[in-house]
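The following exercises concern the reading of a structural model. Please attempt each task before consulting its solution.

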Amino acid sequence: MNVVRRVGLALLAPAIALVVAAIISAFVILAIGEDPLVALRELVNFGDNSASQMQAVAVILNRAIPLFLAGLAVSIGFRMGLFNIGVEGQYRLATIMAAWVGTAVVLPRPVQLLLIIVVAMAVGAIWAGIAGILKVTRGVSEVISTIMLNFIAIGLASYLLTGPFRGTPEGSLTVATEDLPESGRLPGLNGVMASLGLAEPRSELYGFLIPAIVVGVLVAILVKRTRFGFDLKASGLNPTAATASGVNARAMVVKAMLLSGALAGLIGLPDLVGDTYHYGTEFTSGLGFLGIAVALLGRNNPLGIAFGALLFGFLDRAALSLQFAGIPSQVVTIIQGTIVLAVVIANEVARRIAIRQAERTGANLPTARPAAGEQQATVVQ
Amino acid sequence: MRRTRGLSLAAALLVGSLTLAACAEDSSNTDPDEPGGGAAPTSEVSDVRVGLAFDVGGEGDKSFNDSAVAGLELAIEEFGITEQRVSPNDDGSNRAELLSQLAEQGFNPVIAVGFAYDEVIATVAADFPDTTFAQVDGSNAVFDGTSKGPNHTGLLFAEEQGSFLAGVAAALKSQTGTIGFVGGVEIGLIQKFEAGYVAGATAVNPDIVVDVQYISPAGDFSGFGDPARGKILAQGMYDGGADIVYHAAGGSGLGVFQAASESGTLAIGVDSDQYETIGDPALQEVIMTSMLKRVDVAVSEFISAFIDGTVEGGTDIIYDLSVDGVGLSTSGGQIDDIQADIDGFKQQIIDGEITVPTTP
């Protein structure tokens with residue numbers, strides 16, 4: 001009973017938050033003189049034939065995959081009370097290094113892809129690790145150091161791109177690294193969809209969907225079923241108690257940052273190995289910051305993050321359809337922002353209700369305490 | 001009691017969402033597939049539907065993108081076409097999807113504004129061979145020797161030639177012998193502006209000092225939309241003795257004008273006639289001239305050619321000084337006294353006596 005109730009409360013809070021966000025967004029759309037129902041229709045209108053519906057699904061998934069990885073990366077830090085704002089710089093630097101290594105060698109496809117993935121994860125981990133080491137040795141707040149490292153990473157990536165890694169000739173307007181060889185490209189999943197009897201979308205569904213799911217499962221196991229995950233959470237909730245019970249808090253900070261950075265390194269890969277095959281001036285930026293919102297939406301839970309990423313992907317797809325209906329696409333940004341705010345507030349309210357109920361029944365404090373990121377999130381917001 | 005309230009709340013929500021869903025169902029049944037919300041034709045009615053795709057943060061920049069809008073509006077007035085304008089999301093990740101949807105929904109021609117479409121437009125053009133594409137600032141030729149397709153036309157501008165004249169004007173007007181250049185992002189396109197400007201200034205005064213700064217490095221496009229940093233850079237140049245600063249920094253140019261206004265110096269605008277578009281009398285005073293890039297002419301001429309069926313495709317149309325595709329604005333009358341000199345240089349460029357460099 002208690003468990004059912006707790007799970008219900010946990011699900012009810014985001015559900016209410018979504019409805020509240022929908023209502024607020026509806027008022028915003030009304031205020032700019034548009035019809036919220038038209039907006040709603042465009043949100044859910046995937047087209048009238050199966051090909052365009054599958055295309056909408058592919059667009060949503062292709063957007064959700066990097067967001068999911070970004071959310072995972074941020075959530076690892078959150079779980080231990082670390083705010084890794086540097087995911088942005090970590091994935092940009094990781095992607096350009098991976099793109100360069102991927103063009104420098106030609107190996108059999110599985111080996112080449114593995115190499116690209118390992119390089120990306122290693123670069124992301126090293127870049128995040130700097131902030132971790134600064135924190136444990138010099139007491140530098142990771143919030144400050146990761147923000148600063150973002151500037152350095154973006155500048156460094158820009159230098160590498162326009163200098164040693166440049167693959168486009170001087171004078172061309174866009175600058176990019178050389179394209180990955182065939183063996184560095186991950187085929188899409190359209191063939192698989194066709195063999196399942198589904199209509200093939202116009203764009204290729206990223207093959208990186210499968211590694212992303214594997215990574216999600218591994219992270220879920222790691223944080224929920226291992227000693228490391230327990231230590232992570234314990235250090236986040238109460239560092240003093242964790243230290244007293246034998247957790248090396250300093251080592252945990254570095255480990256958490258390394259893991260967070262390694263996951264961040266993956267963010268650019270779906271695009272890199274599945275679509276653009278190079279890193280360039282037009283490479284999608286800002287995913288690291290969106291990852292913070294996605295992690296908050298998902299309450300640092302891998303399944304929740306998957307849901308948050310899909311929700312963002314779903315809303316993002318509508319940005320185009322809305323414009324065709326004459327509604328500015330910025331509406332989507334407003335909806336996304338409102339949802340994140342509403343979810344954070346709802347989670348906090350739900351937590352307080354849970355505590356109060358637990359106190360009233362005289363039971364111990366609820367075991368399902370929120371993860372560290374949410375407490376921090378209220379400060380950040 | 002508590003539980004009942006929770007239940008009824010849940011029920012209310014459920015009902016609410018069902019009603020909303022039903023409404024959505026209704027409205028999609030009643031007006032199926034209404035065409036894109038374009039402006040109503042004003043004069044003669046044409047069945048041409050033009051899709052215009054901006055770049056990130058495009059519409060409303062009072063400069064480059066709005067110039068494309070002006071061209072589109074001219075075409076609407078003239079031909080009564082239907083139009084659909086779309087912008088990509090903030091990180092530009094859906095540029096390909098955006099062009100594809102325009103083509104899929106039957107918009108033809110589809111005009112992409114900005115070189116940022118370079119990465120995707122060739123693929124989309126190949127996917128929709130029956131749609132005519134044009135790209136402002138994007139050449140039909142790709143650096144690896146291939147083309148973006150027979151149904152793609154590049155609308156290019158000789159920014160370096162217009163910037164050369166801006167450099168001439170700045171050098172002629174400068175009292176201190178020091179002038180400045182603020183670029184938005186350090187990429188090839190903006191370096192064309194810099195190269196022309198420096199060449200023009202040196203042609204007038206070989207000893208002139210040109211202070212060149214960029215707001216952000218390649219790969220970080222914030223430099224086109226950051227007036228605060230534009231202002232800091234320009235302020236530094238004015239403090240360092242420059243009395244005229246030319247900006248090629250999109251929305252960041254506002255900061256350059258503010259810095260000029262505060263230090264009682266002059267600035268040169270870009271792309272549109274910013275004297276007319278800035279909308280603030282205090283800032284108007286400091287805009288000595290603007291380097292015009294007639295995106296409006298290119299867009300309206302392309303639509304007109306499409307309607308006449310004379311679009312060649314698979315090639316570039318170059319707007320340079322000889323066709324007044326670039327040039328200097330004269331609003332405000334601040335360069336009237338040196339107009340003869342400017343025209344002299346202009347003629348030399350047109351005649352090929354001066355070749356303006358495109359890279360610094």
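The exercises below treat a predicted model, and each is followed by a worked solution.

**Exercise 1. Confidence**

State which scores the model has, and determine where in chain B pLDDT stays under 50.

*Solution.* Step 1: the model scores ipTM 0.82 and pTM 0.83. Step 2: for chain B the mean pLDDT is 84, with 87% of the residues at 70 or more. Step 3: the stretch in question is residues 1-43 of chain B, where pLDDT stays under 50. For these residues the model has 30 contacts beyond four places in sequence. Step 4: where pLDDT is low, predicted coordinates should not be read in detail.

**Exercise 2. Make-up of chain B**

Determine how many helices and strands chain B has, and what percentage of its residues count as buried.

*Solution.* Step 1: twelve helices and twelve strands are found in chain B. Step 2: chain B has 360 residues, of which 53% count as buried. Step 3: taking the contacts in chain B with a separation of 6 or more, 70% join residues 24 or more positions apart.

**Exercise 3. Span of a helix**

Check the end-to-end distance of helix H4 (residues 87-104) of chain A against its expected span.

*Solution.* Step 1: H4(A) has 18 residues, and the expected span is 1.5 Å times one less than the number of residues. Step 2: this gives 26 Å, whereas the end C-alpha atoms lie 25 Å apart, so the two values agree. Step 3: as to its surroundings, H4(A) is mostly covered, with 14 of its 18 residues buried.

**Exercise 4. A helix pair**

Classify the arrangement of helix H8 (residues 209-225) and helix H9 (residues 227-237) of chain A.

*Solution.* Step 1: the two axes come within 5 Å and cross at roughly 65°. Step 2: angles of 65 to 115 degrees count as roughly perpendicular, and H8(A) and H9(A) are therefore roughly perpendicular to each other. Step 3: on the H8(A) side, A:Leu222, A:Val223, A:Lys224 and A:Arg225 take part, meeting A:Phe228, A:Gly229 and A:Leu232 of H9(A). Step 4: by class, this contact has four nonpolar, one polar and two charged residues.

**Exercise 5. The interface**

Describe the side of chain A that touches chain B, and identify which helix gives the most to that side.

*Solution.* Step 1: 38 residues of chain A are in contact with 36 residues of chain B. Step 2: helices H2 (36-44), H3 (50-79), H6 (142-162) and H14 (302-324) of chain A each supply at least two residues of this side. Step 3: H6(A) gives the most, with six residues. Step 4: the residues of this side of chain A divide into 16 nonpolar, 16 polar and six charged.

Definitions and conventions
Residues are numbered from 1 along each chain as its sequence is written. Chains are lettered from A and ligands numbered from 1 in the order in which they are written. This is a predicted model: local features need pLDDT of at least 70, side-chain atom pairs count only at pLDDT 80 or more; totals for chains, interfaces and linings use all residues. pLDDT is the predictor's confidence in each residue, from 0 to 100. Two residues are in contact if their C-beta atoms, placed from the backbone, lie within 7 Å. Helices (H or I, at least four residues) and strands (E, at least two) are DSSP runs, numbered from the N terminus. A residue is buried if 20 or more other C-beta atoms lie within 10 Å of its own, exposed if 12 or fewer, and partly exposed in between; C-beta atoms are placed from the backbone. Axes are lines fitted to C-alpha atoms, for helices over the stretch in contact, and angles run from 0 to 180 degrees between N-to-C directions. Angles under 35 degrees count as roughly parallel, over 145 as roughly antiparallel, 65 to 115 as roughly perpendicular and the rest as oblique. Ala, Val, Leu, Ile, Met, Phe, Trp, Tyr, Cys and Pro count as nonpolar, Asp, Glu, Lys and Arg as charged, and the others, Gly among them, as polar.
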